[in-house]
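Thanks for coming. I will go through one structure today, starting with a pair of helices and then moving to the links between side chains.

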Amino acid sequence: MRTSRSRTTAAAVLGAAALVASLAVAPTALAAPAPAQDTAVSGFTPSTYAGSSAEKAANQQFFEAVMKSALKKQAAQPGIQVVTVTYSTSRAPSFRSQIAQSTQIWNSSVSNVKLQEGTRGDFEYREGNDSRGSYASTDGRGHGYIFLDYRQNQQYNSTRVTAHETGHVLGLPDHYSGPCSELMSGGGPGPSCTNAYPNAQERQRVNSIWARGIATLKDRGELTKVR
């Protein structure tokens, strides 16, 4: 849920590749107070939201890395239908409530992938200050995290921000021009939008890309390599 162009490393941009055809690193700072939902704060405006090819590439690579990580841990389970993606909240203590709500929202919305907190996470949440807001980041080497910015989470509904960024982990791109009912419209509709649930099209897309992703990696033999 960006307020400016996404941060990404050169490796993230140059190394990005589509897993399915249809289908940046920031320091953590803990000096700011814990976020409060729906509090108006100057500094972020809907008009500053802008997508970019680099952002799309980084988000797609993040999704691919998370999918491979999750599937590798379940490679020995034949007939896999639901993939469990694990995450860590140890570096985002102020947002544990919002992360738990986001997890509940996504787990009740989709059926082919499940989010679960764990010690060996496929990705992690981090918190801190960044003038560009919150984002999903990958280092280009199979690791990624969701960064939750304090100030943005004070202006925008914090659960919506968290669920939106988690949507990138599940494979959804930004669509800032969408309505409030569309979770991946992010901050486009403005701070008054508090919807934290994906709509029917977003739910269907996540189910579809995870089902196809499983089949694609199996066809490539990438799951058998880790047995």
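At what angle do helix 3 and helix 5 pack, and how far apart are their axes? Before the answer, a caution: this is a predicted model. Helix 3, residues 96–109, packs against helix 5 at an angle of about 55 degrees, and the axes are 9 Å apart. That angle makes helix 3 oblique to helix 5, because it falls outside the ranges that count as roughly parallel, roughly perpendicular or roughly antiparallel. As for handedness, the crossing of helix 3 and helix 5 is right-handed.

Which residues meet there? From helix 3 we have Gln98, Ile99, Gln101, Ser102, Ile105 and Trp106. On the side of helix 5, they meet Ser158, Thr159, Thr162, Ala163, Thr166 and Gly167. If you have the model open, those are the residues to display for this contact.

Let me step back to the whole chain. Its secondary structure comes to six helices and five strands. Reading from the N terminus, the order is α-α-β-α-β-β-β-β-α-α-α. The chain has 227 residues, and 52% of them count as buried.

Next, the disulfide. The count for this model is one. The partners are Cys180 and Cys193, with their sulfur atoms 2.1 Å apart. Where in the chain do these two cysteines sit? Cys180 and Cys193 are each in the loop between helix 5 (158–169) and helix 6 (200–220), and they are 13 residues apart. The link of Cys180 and Cys193 is right-handed, with 85 degrees about the S-S bond. For anyone who wants the chemistry, a disulfide is a covalent bond between the sulfur atoms of two cysteines.

Are the two cysteines buried or exposed? Cys193 has a relative accessible area of 3%, so Cys193 is buried. Cys180 is at 29% relative accessibility, so Cys180 counts as partly exposed. The cut-off that matters here is 20%, since buried means under that value.

Now the salt bridges. The count comes to four, and I will describe three of them, beginning with those of Glu124. The side chain of Glu124 meets that of Arg91 in a salt bridge, at 3.6 Å from N to O. This pair links distant parts of the chain: Glu124 belongs to strand 3 (residues 123–128), Arg91 belongs to strand 1 (residues 83–91), and 33 residues separate them. Glu124 also has a salt bridge with Arg126, at 2.6 Å from N to O. Arg91, Glu124 and Arg126 are thus linked in a network of salt bridges.

How accessible are the members of that network? Glu124 counts as buried because its relative accessibility is 17%. Arg126 is buried as well, with a relative accessible area of 15%. Arg91, at 36% relative accessibility, counts as partly exposed.

One further salt bridge joins Asp130 and Arg132, whose closest N and O atoms are 3.2 Å apart. Is Asp130 buried or exposed? Asp130 is at 9% relative accessibility, so Asp130 counts as buried. Its partner Arg132 has a relative accessible area of 22% and is therefore partly exposed.

To recap, we have an oblique pair in helix 3 and helix 5, one disulfide, and a salt-bridge network made of Arg91, Glu124 and Arg126. That is the end of my part.

Definitions and conventions. Residues are numbered from 1 along each chain as its sequence is written. This is a predicted model: local features need pLDDT of at least 70, side-chain atom pairs count only at pLDDT 80 or more; totals for chains, interfaces and linings use all residues. Side-chain values use heavy atoms; hydrogens and water are left out. A disulfide is a pair of cysteine sulfur atoms within 2.5 Å. Helices (H or I, at least four residues) and strands (E, at least two) are DSSP runs, numbered from the N terminus. Buried means under 20% relative accessible area, exposed over 50%, partly exposed in between (1.4 Å probe, protein chains only). Axes are lines fitted to C-alpha atoms, for helices over the stretch in contact, and angles run from 0 to 180 degrees between N-to-C directions. Angles under 35 degrees count as roughly parallel, over 145 as roughly antiparallel, 65 to 115 as roughly perpendicular and the rest as oblique. A crossing is left-handed if the near helix is turned anticlockwise from the far one by less than a right angle, and right-handed if clockwise. Contact means heavy atoms within 4.5 Å.
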